[in-house]
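Colleague: Please take a close look at one part of this model for a first-year student. Pick one residue, and then show what surrounds it.

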Amino acid sequence: MHEYTSRARVWGLSCPGFPEEVSRARRWTRDILRGSPVAEDAELIVSELSANAVLHTASGRPGGGFYLAVAVSARIVALSVTDAGGTNTAPAVEHRDHEAEHGCGLGMVSLIADRVAVHSNADGHTVTARLFADAKREAHPC
C-alpha cells in the first residue's frame, strides 16, 4: 500500500491460458506488492491459483485465458484468479500428504492465506485468497 493512499486500490490482468503466463502473473503481483510484508506469500498464491486455472480448466485450452485481480488496502491484500470454467466441479481445498506430487495447491493456499473463498457461475470459477498484512506468517507447508 502506498503511504499516501488511504483507500483500497485494485489492479487487474488478463492472461492467455499458456503455462508461461503463470510466471508473468507472479512477476506482475511481485511488482505491485514490492515492499509489502505479504509479497512472497502473495506471489506463491498467485502462482498456484494461476497454474490451477491453466492446468485444470478451459483456461488452458486453445483460446482460453484467466483473469487476475489484486486488491490492496492498508490491512488486506486480496488475490483473485478467475478461470474459464469447463469443468463439472468447482475448485476445492484438499489437504494431502506433504509429499504428494499433485493436489497440494489449494490446500497450501488455504494454509498460507488468512481466508480463501471459491465462487462459481456458468462462466467459470473465481478463487480469492486474502492475506492480512498484520498477521504473523508461518513457514510454507509444501
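**Glutamate 43 and its surroundings**

Modeller: This is a predicted model. Glutamate 43 has a relative accessible area of 13%, so it counts as buried, the cut-off being under 20%. Glutamate 43 is part of helix H2, which runs over residues 39-56. Apart from residues up to four places away in sequence, glutamate 43 touches Arg26, Thr29 and Arg30.

Thr29 leads to helix H1, where it is one of the buried residues, together with Glu21, Val22, Ala25 and Ile32. These buried residues lie on the same side of H1, because they cover an arc of only 110 degrees around the axis. Among the elements that cover them are helix H2, strand E1 (9-16), strand E2 (65-72) and strand E3 (76-82). The length of H1 can be checked too: its twelve residues, 21-32, should span 16 Å at 1.5 Å a residue, and the end C-alpha atoms are 17 Å apart, which agrees.

Helix H2 also takes part in the largest nonpolar core, a set of 29 residues. Leu33, Ile45, Leu49, Phe66, Leu68, Leu79 and Leu131 have the most contacts inside this core. At least two core residues come from each of E1, H1, H2, E2, E3, helix H3 (105-112) and strand E5 (124-132). H2 gives the largest share, seven residues. As for leucine 49, its contacts are Leu79, Val81, Leu106, Val109 and Val127, leaving aside neighbours within four places in sequence.

Definitions and conventions
Residues numbered from 1 in each chain as written. Predicted model: local features only at pLDDT ≥ 70, side-chain atom pairs only at ≥ 80, totals over all residues. Heavy atoms only, no water. Helix = DSSP H or I, 4+ residues; strand = E, 2+ residues; numbered from the N terminus. Expected span 1.5 Å × (residues − 1). Buried < 20%, exposed > 50% of the residue type's maximum accessible area, 1.4 Å probe, protein only. Arc of directions from axis to C-beta. Contact = heavy atoms within 4.5 Å. Core = buried A, V, L, I, M, F, W, Y, C linked by side-chain atoms within 4.5 Å.
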